Amino acid sequence: MRKYNIRFNIDALKFCSEASTVGEGYLFLVAWAFCVDPEEHSTIVPALEIKVESYSGVQKVYSVTANTVRRDVVNAHPKANEICGFDFVLPMPFLPRQTTMNFRVGTTLVHNFEMPVHLKSIHATGSDITRSPIINVRFYTDFPVCNFRCPYCVAGHGEAQAADLAWDEGRFERFDRIIENLTRLPMKLNVRPGVGGEFFLSKRLVEGAKRLVSADNINSVNLITNLSIPLIQYQHFLTDVDPKKIAIVASYHPTEIRNQEAWLDTALWVNERVDFAVILVGYPPLIPQLPAVLDRLNGLGITVFIQGFIGSYDGRKFPQQYSLEEKQSLRKLCYSRHDYEFFIEARKPGFCLAGYNSFYVDMSGVVRACGVGGWPWPFMGNISENPQVTLLPGPHPCINDTCLCDTEYINTAIFAEYYKHTGLNQHKYTYKFKELAARFPQLDEWNIPYL
Ligand code: SF4
Ligand code: SF4
């Protein structure tokens, strides 16, 4: 029989329940696991079977074989580089006491062990912060096809061996169902569909965006694109939808764009019609080029912001190990103090309104406070099944050490304290105390204590 060596880590195994429902609740599991096949010198992601036993001896078995690579979870684990991480939310009909975890590769049992369940009922406190009348939704679709191969791609397209695996019909149907249920939610929404590739390469995704825009409960739809698709396709899209409900962020990837002038023409055309911004990545070898790109785009009237690089380069882990010189360069280019603090300094987030004024959903349909993972919150809904979401009753301190996502860190209380959006675009906002700072330089966004 083949021998596999397993490496894994269970970061959290917690049972959470509402105070009102004795026994019922949700089991949260945050973990990573992979097996090494010494004969093939390869790694394999095992399937996991969890047997849960209640205090009264009732047993229930869950197979969580869908170990899709959750890079956001993997990235949160320094020791789990390049491997598979996952988080699951399993509905529990009873109070669980103990689990038995069986890792399998095919039919081979690679490892098993018992683990007691940590009982935890966490509730966000009520708050005097008023709930926003419009809820921000980040819908991460994981659509994996891209026509670019950026060296810093967090979705893995830059890796030489990376192959794009197209979605099957079942995946598109699930996407359609989630879109449909978003349009049926009894709340006003700003929706930000995300991808692990290029959004405009899929007609089905574009059709889904159109359905969102035409729904009465949708206030805005924020899309991200590498802007490499022929201009005519963006023109068709924007004639089919109300452009006043659309915002677009275009990522600029200098190593991939073949015709810079055509890219700029498309950017200018889109910029005239919708709330538009361009994003540049602070990838270390590209930092010296960024000032010229930023100046050119700004000179054309286009808003530009910088995202920190997430990953490894030259033996350093980013964004945590930017050199002082790199930080000084990026600081001058950053759109705001907020971007700089969260994405370049990788600061600890603090108090956050995620789950209260916003929610995150991925292709599982399970609703979470945010997409960074590991959250021990009560079940908020599953919108692949029905149009119901229970928002958290209040803001809460963030459980994570960093929040490296420009769509997520605008949920923080410190953002709401100092900044306000200027329109529909998730990345266009202004420092609230700009006018005061013009008279009192010590109140400039870069001079205030950002705590
Ligand atoms: S365009 Fe985006 S998804 Fe595609 S390779 Fe570049 S960074 Fe990755
Ligand atoms: S700060 Fe970021 S990671 Fe923390 S709860 Fe808010 S959105 Fe999530």
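Reader: Which loop is D314 found in?
Author: D314 is in the loop between β16 (311–313) and β17. Keep in mind that this is a predicted model.

Reader: What is phi for D314?
Author: Near 55°, which is a positive value in a residue other than glycine.

Reader: Is D314 buried or exposed?
Author: D314 is exposed, because 8 other C-beta atoms lie within 10 Å, and 12 or fewer counts as exposed.

Reader: Which other residue has a positive phi although it is not a glycine?
Author: D142 has one, at about 60°.

Reader: Where does D142 lie?
Author: In the loop between β10 (134–140) and α2 (169–183).

Reader: And how many C-beta neighbours does D142 have inside 10 Å?
Author: D142 has 19 of them, so it counts as partly exposed. The cut-off for buried is 20 or more.

Reader: Switching to peptide bonds. Which residues does a cis bond join?
Author: F318 and P319, with omega at about 5°. P319 is in the loop between β17 (316–318) and α7 (324–333).

Reader: Now helices. How do the axes of α4 and α5 cross?
Author: They cross at roughly 10° and come within 10 Å. Helix α4 covers residues 231–240 and helix α5 covers residues 260–273.

Reader: Parallel or antiparallel, then?
Author: Roughly parallel to each other, because angles under 35 degrees count that way.

Reader: Which residues meet there?
Author: From α4, L231, Y234 and L238; from α5, T266, W269, V270 and R273. The residues of this contact divide into five nonpolar, one polar and one charged.

Reader: On to the ligands. What surrounds ligand 1?
Author: The cysteines in its surroundings are C146, C150 and C153. The histidines are H157 and H253. Also around ligand 1 are F148, R149, A155, G197, E198, N226 and S251.

Reader: How does the shell around ligand 1 divide into nonpolar, polar and charged?
Author: Five nonpolar, five polar and two charged. R149 and E198 are among the residues surrounding ligand 1, and Arg and Glu count as charged.

Reader: And ligand 2, how many residues surround it?
Author: 13 residues do. The closest are P349, C352, C370, C398 and C403.

Reader: What is the split for the shell around ligand 2?
Author: Nine nonpolar, three polar and one charged. Cys and Pro count as nonpolar in that split, and the closest residues to ligand 2 include C352 and P349.

Note on methods. Residues are numbered from 1 along each chain as its sequence is written. Chains are lettered from A and ligands numbered from 1 in the order in which they are written. This is a predicted model: local features need pLDDT of at least 70, side-chain atom pairs count only at pLDDT 80 or more; totals for chains, interfaces and linings use all residues. A residue is near a molecule or strand if its C-beta atom, placed from the backbone, lies within 6 Å of it. Axes are lines fitted to C-alpha atoms, for helices over the stretch in contact, and angles run from 0 to 180 degrees between N-to-C directions. Helices (H or I, at least four residues) and strands (E, at least two) are DSSP runs, numbered from the N terminus. Angles under 35 degrees count as roughly parallel, over 145 as roughly antiparallel, 65 to 115 as roughly perpendicular and the rest as oblique. Two residues are in contact if their C-beta atoms, placed from the backbone, lie within 7 Å.
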